[in-house]
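Work through the exercises below with the model open. Each task is followed by a stepwise solution.

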Amino acid sequence: GQVDAIADDVVCNGGNTAAVTFSTVNTVGTTTYTWINDTPAIGLAASSAGDATGIPSFVATNTTTAPITGTITVTPTFTNAGVSCVGATTTFTITVNPLGQVDAIADDVVCNGGNTAAVTFSTVNTVGTTTYTWINDTPAIGLAASSAGDATGIPSFVATNTTTAPITGTITVTPTFTNAGVSCVGAAEIFTITVNVSGQVDAIADDVVCNGGNTAAVTFSTVNTVGTTTYTWINDTPAIGLAASSAGDATGIPSFVATNTTTAPLTATITVTPTYSDGVNTCVGAAEIFTITVNPTAEVDAIADDVVCNGGNTAAVTFSTVNTVGTTTYTW
């Protein structure tokens, strides 16, 4: 008996093998074939059920992390005039590659202007080579829309968000396993990078009041949405009647009685720092600065009484003040 050589086959897990038809150069009599397979895990039975004309295409399987190979040994038998003659076997292989696989990647949450965590792609597959490509559905986070060819990961980058609410980029990583010239695309891994907004506080008008007067109440506000914004403040001149800093988070600065016991205006610079929170992560934003100026109480120096005779000249009176910087005017 004689059976023609059969080409080896390499397929992906879940792929269809090439159909195999047994043939022989022998003529006149009849050639029959049987086969055995040393690795049924590839999705093929351990042996033929009686005589076979070939091996039909089948769905190959590989649930491991490396290629598996079934060696199929075909035995031919030539029969003529009631006599059967077994011939030399022919051996060929069917190799089943695993599908590409990429390990899970943790989601990341960063602040606008912050550095993302570097991502390195990895796989449980061995023996062959795994390559990766990725796409990003939200380039506004500061990451390109897709990888430039095969990638080993995503380096850390400066995240961006110029809106008033968090934005999220969904990154889809597709792995491809290659062995023996056959590439097998696997299930994609999806992870997200969320970029929170920086804390923001709206501009606050400066205030000018007199010693003993009531300042304007200040309410802090923000354009940011979705999360929560809290505020703290510091005051560089407590002498105006305002504490040196907020006692914890503040929603504003209530009206207070301003003080100035000096002879010139006192100006306090109040620095308000906003912090945005998504409930877990916080992002401090640019401070807003405004001033409260407290003018001194107007003052006129004492003036000596004067006594003159009828028809006499009074002493000239010049009004003066201890106050400086501003202007003092007088009425009498």
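A disulfide is a pair of cysteine sulfur atoms within 2.5 Å. The model used here is a predicted one.

**Exercise 1. How many disulfides does a search of the whole structure find, and which pattern do they follow?**

Step 1. Apply the cut-off to the sulfur atoms. The search of the whole structure returns 2 disulfides.

Step 2. Take Cys111 and Cys283. Their sulfur atoms lie 2.0 Å apart, so the pair meets the 2.5 Å limit.

Step 3. Take Cys12 and Cys184. Here too the sulfur atoms are 2.0 Å apart, and a disulfide is formed.

Step 4. Count the bonded cysteines along the chain. The pattern is 1-3, 2-4.

**Exercise 2. Work out the handedness and the span of the link between Cys12 and Cys184.**

Step 1. Read the S-S torsion. For Cys12 and Cys184 it is about -90 degrees, so this disulfide is left-handed.

Step 2. Locate the ends. Cys12 sits in strand β1 (residues 9-12) and Cys184 in strand β13 (residues 182-185). The two are 172 residues apart, and the pair links distant parts of the chain.

Step 3. Check burial. Cys12 has 16% relative accessibility and therefore counts as buried. Cys184 is buried as well, at 0%.

**Exercise 3. Do the same for Cys111 and Cys283.**

Step 1. The torsion about the S-S bond is -90 degrees, and the link of Cys111 and Cys283 is left-handed.

Step 2. Cys111 belongs to strand β8 (residues 108-111) and Cys283 to strand β20 (residues 282-284), so the bond ties together parts 172 residues apart in sequence.

Step 3. Buried means under 20% relative accessible area. Cys111, at 23%, is therefore partly exposed. Cys283, at 1%, is buried.

**Exercise 4. Is Ile94 buried or exposed, and which residues does it touch?**

Step 1. Ile94 is found in strand β7 (residues 90-97).

Step 2. Its relative accessible area is 3%, so Ile94 is buried.

Step 3. Leave out residues up to four places away in sequence. Ile94 then touches Asp9, Thr17, Ile42, Phe58, Ile68, Thr69, Gly70 and Ile72.

**Exercise 5. Split strand β17 into its two faces and find its partner strand.**

Step 1. In β17 (residues 228-235), the covered face holds Thr229, Tyr231, Trp233 and Asn235. The uncovered face holds Thr228, Thr230, Thr232 and Ile234.

Step 2. Strand β19 (residues 266-277) is joined to β17 by 8 bridges, and the two run antiparallel.

Step 3. Pick one facing pair: Tyr231 is opposite Pro274 in β19.

Key: Residues numbered from 1 in each chain as written. Predicted model: local features only at pLDDT ≥ 70, side-chain atom pairs only at ≥ 80, totals over all residues. Heavy atoms only, no water. Helix = DSSP H or I, 4+ residues; strand = E, 2+ residues; numbered from the N terminus. Buried < 20%, exposed > 50% of the residue type's maximum accessible area, 1.4 Å probe, protein only. Contact = heavy atoms within 4.5 Å. Pairing = 2+ DSSP bridges.
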